[in-house]
Amino acid sequence: MPAINQSRQNVIRLIIGISFLILIIRLLFLQLASSKYDLLAIDNAVSKKVIFPERGIVFDRKGKSILENTQTYDLMILPTQLMGLDTQGVCAILKIELPEFKDRLLSAIIKNGRYRPSIFEASLSTETFVQLQENIYRFEPGFFLQERPIRSYPYKAAAHVLGYVGEVDSSILKRTNFFYQIGDYMGLSGLERFYEPILMGQRGVRYQVKDNKNRIVGPYEQGRFDSIAIAGRNLRTYMDIDLQVLAERLLKNKLGAIVAIEPKTGGILALASGPTYDPNQLTGNQRRNNFSWLLRDTSRPLFNRAIKGQYPPGSTIKPIQALVALDEGVITPNFGLNCRGAYLGCRRPISCEEKFAGHAANLRLALTHSCNSYFSHIYRLTIDNPNERTTVNGYLRWKRYMNSFGLGVKLGVDLPSEDRGYIPDTSFYNRIYNKSWSSCTNVFLGIGQGEMQATPLQMANLMSIIANKGYYYIPHFVKSIDDPRESDTILNRYKIKHNVTNIPDTFYNIVQMAMQEVVESGTARGARIEGIAMSGKTGTAENYGIIYGKREKLANHSWFVCFAPRENPKIAVAVVVENAGFGATWAGPMASLMVEKYLKDTLSQARWKEVERIESKEIILPIVKAKRRALDSLRLQRLRNKQLRKQAFVPLSPFDEKNHERIILAFHLNALKPDHEEQFI
Amino acid sequence: MKNSSFDISKGVDWSLVLVYVILVVTGIASIFATTYRDENIVNGFLSLTTDYSRQTLYFLISAVLAVFILLTDSKFYTATANIFYVFGIILLILVFPFHTDVKGTKSIIRFSSFQLQPAELCKIFVNLALAKYLSSTDIALSKLKTMFIAASLVLIPAILTIMQSETGLALVYFSFFLVIYREGLPSAFLSIGFSLAVLVVLTLLIDQDILAVGLTLLAGFVVFFFKRQISRRKSLIFVVFAIWAFSVGVQRFAVPYFFNHVLKPYQVQRIYSTVGKDFQVDTKTISEEDLKKIEEKKKAGNYNVKQSKIAIGSGGFFGKGLLKGTQTRYDFVPEQRTDFIFCTIGEGFGFMGSLLLLGLYLFMIFRVIRIAERQRSSFSRCYAYGVASVLFFHVFINIGMTIGIVPVIGIPLPFMSYGGTAQITFTVLLFILIRLDADRQMILR
């Protein structure tokens, strides 16, 4: 019989051979033909951990650090290691209740799984941290403390300038082409945002091998692909933090802005927006909560009025109107107007604050007394300049002057989202007046009213230009970056001198003298400083708001712009206080305090009294306060509800204690269940 | 030759022994690579708590057994084959009252820290008994009675094993079909078996109705092309019709019935996931518990195969090197040291390593067949074919499932997978063959 079936051995060999061939072909496809599995394997087993360097520090002009880093601690939880730990002890220290504990544990498990640590409480307060540190041995390894650097603002000032950092969101991720990753922090506003590439330093990457439960087991390839983190570089600014603090004190309880610039360099000495907030509020664990309240506040504390607030400049525009008229040759310094309290050249009379004869007998006097009639008239002369033939050409020429003075254009300050203000184009008037308009139509532009709008930063820059007699540097904060590199082009544009127009110095001298007169004997006598020759100009800007759907005239904005000393200008200031009336009432004294503080480096006792007086005065429209009150009562109600819930919670009885243990145990039994139980056919 | 100048090494096929040792050592190294966790290696090997040290111990025990087998007389096996078979069946039955539940299987008897799995061990006894029966002079495999007895010898332990929830191990018994085929089972069985397998796979891959239409068309073509032969012999048309009816019956009724009522839902899901499909469960007939189980299995089964494919696929051409596999080192592949041990080779040594390993197995199997054919005694030949079949089945199914071309069936890779019973079983299986081969000049009855 064996002989009969001898040939069958080959059939069997064939079957076996073909089967092995199938295996080999499949292996060929799996291992050689596709790199998909390589990537999947790396995805499976290698985690890329980004190491964040310390962010750079920001210093003021005297070398004081105004934005630095401090350590806080997060309490981390490792759900699988909770078994048999004194979780109640943790609850007692954190002052939380069992349901809260359960909630947090659950969300930690949902977020990161049982095998990876999650944040249980972020940025512990000092008190809690100390208590936990003493007792942490009792709670390990289920709980542990982890260091986390956060930003801190030692002067609690310059919130709008310095900005804040925050977690990146999906839109940023997309915009930066996934340079950042979810969970990363980056500068979201202010200098933090503008100088992000410099402050953030260079991120390091650490590749680590993880196991099937996503636990880190060790470095990947002995750290061959790792790169170390390089700390962010420091910024040296022009800011004077004491001046900044003073500016913020002056703006307390008011809406408005103060900008102080060093005219010779364009360096910003102080830039404050009122109301402001403590920037430390936006670090640490209450960040989200605080942010949402700041965002909803009707007085808009997050809004940087110094670069984004757009106000009609009012009479503060008059010095440059004079310069333009002189430069165009439509007037001479001796040109006078017989004003009796109103300008009657156009259909509607424009009233003037002064009535006595001869208050506008020449340019100097007209500027000193801020004569509306005079400046309405010379505006019209400029627009209707016979050399330009048409109104449109005259207006365009005037607009070009304004733009070169930095009005109606973005200056390019080193803060994000600056606004441009507004100088209307001819098309604007063509559209509204169906192309039939004259210098009378927009005569209000001559006295800084009408459609014209400017930001406080632009007005301060305007003062720099007049102080410098015709040139400026783009206002900016950062003087230098530590460890400069070839690739730092970010500061280059602040080193370029911008010449405005070729207005001769003599005209500037006239205007400067007139402005000094304003402070010495004109509208701004209250801003006079003993021993300092200051040139300034008040402004009282009419403005309208929409209240409950109705356009209403609101109280005037109080403006004051100035520079000092006149001979050798060291500081140019622009102050605006919303709805505060005459320029001389609030803005003037505030600017004068700023100038004195900066030039004399100190204030006398009497002057500090003045600071306190201004500080304590509240100037906020009733409507803003009413809306804020409504919001606050909502907040109060929530706090009260929270309090009630706390009281309703009965302390743990012995039974509950057992229950507590049981809940922990239940979590554990779940945790210990193998994820992939195997059973084969 | 009796005891006169007894030499243990006389007639021993050393190439088989060499391949055996290489495979076992590779197995221990692979287990070491997957379970070693930076502990002291010497302690690790001496402590007997680590998997690789235990596997080494099993190897030593196996080696001692191997020496004992080589010292026995070949006639011992022919004489005791039937007794062993009965002993094996008794052992299998004893499992039912004395088993310990481990991971859902009911096939293990536990002695302190060591476990015995009779279903595994029984392969040897079945092989011996089958060889004994097929080598008897008074049988002819063309007779129905002979076929029935031979099949029963194999099927009785298979059924007992299925009853212990070890379907995978039971399937191994079907590999003895090759032995029976070699000894003269009519060739028609092979063709029918093959056709049936193709039909079942097609049933899985193609929609029921489309397949039925396809089969009908096929039958139509056959009738059309062979109409001359059919007109000559009218009975042929009935044959075609019968085959068509049988095929459609299988794909429309038998396979669905088998899947829905005989196999457990999760097993069906396993089979379906191999062809990349989901099992459409008839939610009315299935209990909620089963439904949950099937979902779990779907996830776990897919997970295993996916991870195992990732591990092997990421090995590339030369692999990542021993102890450097990121997938096999950190437990991404479940059951790595037992059924999925091949992943370690695939990831660590890449395509070259896998090819080498497959080459070793193929060499071993072909060598066994060669040995089979040189036997004078048909008992030895049958036994050798049994060894070759069992090895082939294990290797093909095991590696096939790790690379996703065979449903996940939990059977070990011979000589390499972690586990004492399997290690000892395969060693004994192989060394009895070597012993029989050493006496190949003898006619054993």
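Let's start on the outside of a helix in this predicted model. The face of α4(A) that turns away from its buried side carries the exposed residues A:Pro99, A:Asp103, A:Leu106, A:Ser107, A:Ile110 and A:Lys111. Now look at the other side: in α4(A), A:Phe101, A:Leu105 and A:Ala108 are buried. Look down the axis of α4(A) and these buried residues fall within an arc of 60°, so they line one face of the helix.

The length of this helix makes sense too. Helix α4 of chain A takes in residues 98–112, 15 residues in total, and at 1.5 Å a residue it should span 21 Å. Its end C-alpha atoms are indeed 21 Å apart, so the expected span and the model agree. Just after α4(A) comes A:Gly113, whose phi is positive, near 85°.

Further along chain A, you'll find some strands to follow. Strand β18 of chain A (residues 535–547) pairs with strand β19 of chain A (residues 550–564) in the antiparallel sense, over twelve bridges. To pick out one of the pairs by eye, find A:Asn543, whose bridge partner in β19(A) is A:Leu554. β18(A) and β19(A) make a hairpin with two residues between the strands, and there A:Tyr548 takes a positive phi near 50°.

Keep going and β19(A) meets another partner. It pairs with strand β20 of chain A (residues 571–577), again in the antiparallel sense, this time over seven bridges. Here A:Val561 stands opposite A:Ala574 in β20(A). β19(A) and β20(A) form a hairpin as well, with six residues between them.

Time to move over to chain B. Its secondary structure comes to 18 helices and three strands. Of the 445 residues in chain B, 44% are buried. If you take the contacts in chain B between residues at least 6 apart in sequence, 72% of them join residues at least 24 apart.

So where do the two chains meet? The contact takes 39 residues from chain A and 50 residues from chain B. On the chain B side, the helices α7 (167–172), α8 (177–182), α13 (265–274), α14 (288–313), α15 (326–329), α16 (342–373) and α17 (378–402) each supply at least two residues. The one that gives the most is α16(B), with ten residues. Sorted by class, the side of chain B that touches chain A has 25 nonpolar, 16 polar and nine charged residues.

Key
Residues numbered from 1 in each chain as written. Chains lettered and ligands numbered in written order. Predicted model: local features only at pLDDT ≥ 70, side-chain atom pairs only at ≥ 80, totals over all residues. Helix = DSSP H or I, 4+ residues; strand = E, 2+ residues; numbered from the N terminus. Expected span 1.5 Å × (residues − 1). Buried ≥ 20, exposed ≤ 12 C-beta atoms within 10 Å, placed from the backbone. Arc of directions from axis to C-beta. Contact = placed C-beta atoms within 7 Å. Nonpolar A, V, L, I, M, F, W, Y, C, P; charged D, E, K, R; others polar. Pairing = 2+ DSSP bridges.
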